[in-house]
Amino acid sequence: MLILQDVTIATEGKEILNNVNLEFGPGIHFIVGPNGAGKSTLAHAIMSNPKYDITGGMKYNDTQLDELATWERAQLGIFLSFQNPTPIEGMSNFRLIKEAMNMGTTSSIMDKLNGFRGLAKELNLPEGWDKKELNVQASGGEKKKNELIQMKMLDPSVAILDEPDSGLDVDAINSLIEQLSDFNNKDKTIIIVSHYEKLLKSFEPSTVTVVANGTTTQTTDISVVTKVLADGFKDFA
Amino acid sequence: MNDLYPEGFVTPVESEDFEPGLTRDIVLKLSALKEEPQWLTEFRLKAFDHLQTIKEPTWSIVNYKPIDYQGMRFYSAPKFTEEGDIPQDVLDTFEKLGVPLHERDALLGLAPKVAVDVVFDSVSIATTFQAELAEHGIIFCSISEAVKNHPELVKKYLGSVISYRDNYFATLNSAVFSDGTFCYIPKGVRCPLELNTYFRINARNTGQFERTLIVADDDSFVSYLEGCTAPAYSENTLHAAVVELITLDSAEIKYSTVQNWYPGDENGVGGVLNFVTKRGICKGDNSKISWTQVETGSAVTWKYPSCILRGDNSVGEFYSVAVTKHKQQADTGTKMIHVGKNTRSTIISKGISSGDSVNTYRGLVQIGKNAHNSRNYTECDSLMLNNSQALTLPTVSQYNSTSVVEHEASAGKLNEEALYYLQCKGLSEEDAINCLVTGFCKSVFQELPLEFAAEANKLLSVTLEGAVG
């Protein structure tokens, strides 16, 4: 269970979200909201992006997260798929997996590489994807698919996906839904930030969080999804 | 023992030393000990006499305490056993350093198959795979051996690229060089093995002055790599080497260096003064010389591996990664002297600095008036990890209108967003920094022979450990 308690997020002295009280247990969770409301900010705050000043409490199972660095949170099993993955020159797609899986796994490097290549193939990525430079000279869609490969390979307990659909074509959206369904099991917590109808309609979420007007509202009443897809967010403004 | 410099140990070994001091007698004694021919003794003496008339260069951006040449030894060699064998301690030293001294290990696949010449203080103590190389007509031996067995080649080429009057340290080396590596690749031969010289300084307060001479005859190719380490002494140790390369028509020499001399401690105490003159001449048409260097060690580095592109269509390359931390100082770069027509040169220099270190790129691209249609491309990138200094000092002189010189430069800090991205995927801050720095160096590392690229990566991470904070 990932818990945010009375969290406030600010940057450069300007408050973006306050009074954030959220709970994410096993299952699928949606985060929706108008553009610029702070959905990505919330996702990055959970990872403790250094550009945000965060107060309040965050807890994952029995671990208090507040003092933990980004990588320590990641190593606890919290994963963030980026909306705009950062280009890393001179580092290959597979090297990241190798480095990130360095600890705590017993599978051989060959197993990892084969797993990686299998996923790249399923996602229709070009031959030799493992050797391509990470998020350099890749299309928006390819970068998104690569984030998905990372999620499958690193196998986190909590996966936060920040607009995993943007940049993907129809076929790729179908693969995304397939991969997410495959990843989804009773132990996983999957938090999806999106406003894409097809994606939202493909899953039955445990909760829906609306980010609007400088704060968040979480509900288990999933009819909210249908409502905002039809009418937008004006009722939350 | 310093964890960050595991090579900093001292081997207890009985040695044969000269008394300290730099005199004409010392030069004569060295020449006599090596039973050198008259012409070489004269070469040394001319250099010694010239040395008395010149001073150390002062134009580089490095500071060090005055070198006490009279308090330093110019020769130290391990004593061989009564049976004439190399002392076990010396063999163990190279074992510990991972230098493959046994051909057997390479044949069993336990070590990369490379021919190695190892130099311990002032002497070359062993050279492997000589017989196999000789089958191809390749000469690979210590320079002392070459003087004895191939005097005509040594006489013809020694000092032909770097005159004994070139600069203070080259002059000093010409007077007192004690050993080094000689290599000759005959016409039409592609050297089947990587050739490797490993330099180890062990004795305290003793300078190392080695000389490397590589000649690649018409249509030949050789890839050569040198590595080096030294104990962590609290005084400076002087290392003043001279390396000369010669390529004849359509020949190619690929020369790689992984320089890991003791850098001194975090307060700048001790460390090697690495004052080296390296130059190659592309004498023949269509020939090529490529320098690749990974410089992580030494308290002070002063070196500019250069190419004189005399043959038409000849090619010079310089790929460099120089890493400095704590109080290290590096003033390094290259000179590309275009003389022949259609000559091309490429310079890729990556400087990484941290702590209070100073990292300077100094380069000269000179396109002569007859070097028509020549091209140079230069790229200098600096990465500063904290308060360190990075300087880029390029000089271009172009004397014809048909040639093109391009220069690109960048200087910056580590990309914070990239660091954050990698940490979000579970890499610790240190691993993330490592990955970014390795990525920054990739275009240079990929020029290294495969066997050594991994080692260079490892060396880089060890060097950076504790350098950022």
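Okay, so let's start where the two chains meet: 21 residues of chain A are in contact with 18 residues of chain B. Keep in mind that this is a predicted model. Which parts of chain A supply that side? Three helices each put in at least two residues: α2, at 70-75, α3, at 93-100, and α5, at 140-154. The one giving the most is α2(A), with 4 residues. And if you sort the residues on that side of chain A by kind, you get 13 nonpolar, 6 polar and 2 charged.

Right, let's step back and look at chain A as a whole. Its secondary structure comes to 8 helices and 10 strands. The C-alpha trace spans about 50 × 40 × 35 Å along its principal axes. Now, how does chain A stand against a compact globule? For 237 residues, such a globule would have a radius of gyration near 18 Å, and chain A has 18 Å, so the two agree. Buried residues account for 41% of those 237. There's also a number for how the chain folds back on itself: take the contacts in chain A between residues at least 6 apart in sequence, and 71% of them join residues at least 24 apart.

Now the sheet I'd like you to find on the screen. It's an open sheet of 6 strands in chain A, and reading across you go β6-β7-β8-β3-β9-β10, with mixed pairing. Which strands sit at the edges? Those are β6, residues 78-81, and β10, residues 215-219, and each of them pairs on one side only. On average, neighbouring strands here are turned by 15° against each other, if you ignore direction.

Let's walk in from the β6 edge. β6(A) runs parallel to β7(A), residues 158-162, and 4 bridges join the two. You can pick out residues facing each other along that pairing: A:Ile78 stands opposite A:Val158, and A:Leu80 stands opposite A:Ile160.

One strand further, β7(A) pairs with β8(A), again in the parallel sense, over 5 bridges. There, A:Leu161 has A:Ile192 in β8(A) as its bridge partner. How does the chain get from β7(A) to β8(A)? It crosses through helix α6, residues 170-183 of chain A, and that β-α-β crossover is right-handed.

Let's stay on β7(A) for a moment. Is this strand enclosed or open? 5 of its 5 residues are buried, so it's largely enclosed by the rest of the structure. In a regular strand, side chains alternate between the two faces of the sheet. In β7(A), one side has A:Val158, A:Ile160 and A:Asp162, the other has A:Ala159 and A:Leu161, and both faces are covered.

So what lies across the sheet? Helix α1 of chain A, residues 39-46, lies across β3, β6, β7, β8, β9 and β10, and runs at about 150° to β7(A). Then α5(A) lies across β6 and β7 of chain A, at about 165° to β6(A). You've met α5(A) already, by the way: it's one of the helices supplying residues to the side that touches chain B.

Okay, over to some other strands of chain A. β1, residues 2-11, and β4, residues 53-60, run antiparallel and are joined by 7 bridges. In that pairing, A:Gln5 has A:Gly57 as its partner in β4(A). β4(A) also pairs with β5(A), residues 63-64, in the antiparallel sense, over 2 bridges. If you want to find that spot, A:Lys59 is the bridge partner of A:Gln64 in β5(A). The hairpin of β4(A) and β5(A) has 2 residues between the strands, and A:Asn61 takes a positive phi there, near 50°.

That brings me to two other asparagines, one in each chain. A:Asn135 has a phi near 60°, which is positive in a residue other than glycine. You'll find A:Asn135 in the loop between α4 and α5 of chain A. Buried or exposed? Well, A:Asn135 has 22 C-beta neighbours inside 10 Å, so it counts as buried.

Over in chain B, B:Asn205 has a positive phi too, about 55°, although it's not a glycine. B:Asn205 lies in the loop between β7, residues 194-200, and β8, residues 210-216, of chain B. With 16 C-beta neighbours inside 10 Å, B:Asn205 counts as partly exposed.

Technical notes
Residues are numbered from 1 along each chain as its sequence is written. Chains are lettered from A and ligands numbered from 1 in the order in which they are written. This is a predicted model: local features need pLDDT of at least 70, side-chain atom pairs count only at pLDDT 80 or more; totals for chains, interfaces and linings use all residues. Two residues are in contact if their C-beta atoms, placed from the backbone, lie within 7 Å. Ala, Val, Leu, Ile, Met, Phe, Trp, Tyr, Cys and Pro count as nonpolar, Asp, Glu, Lys and Arg as charged, and the others, Gly among them, as polar. Two strands pair if DSSP finds at least two bridges between them. Axes are lines fitted to C-alpha atoms, for helices over the stretch in contact, and angles run from 0 to 180 degrees between N-to-C directions. A residue is buried if 20 or more other C-beta atoms lie within 10 Å of its own, exposed if 12 or fewer, and partly exposed in between; C-beta atoms are placed from the backbone. A crossover is right-handed if, with the strands pointing away from the viewer, the path from the first strand over the helix to the second runs clockwise. The radius of gyration is taken over C-alpha atoms; the globule rule is 2.2 Å times the number of residues to the power 0.38.
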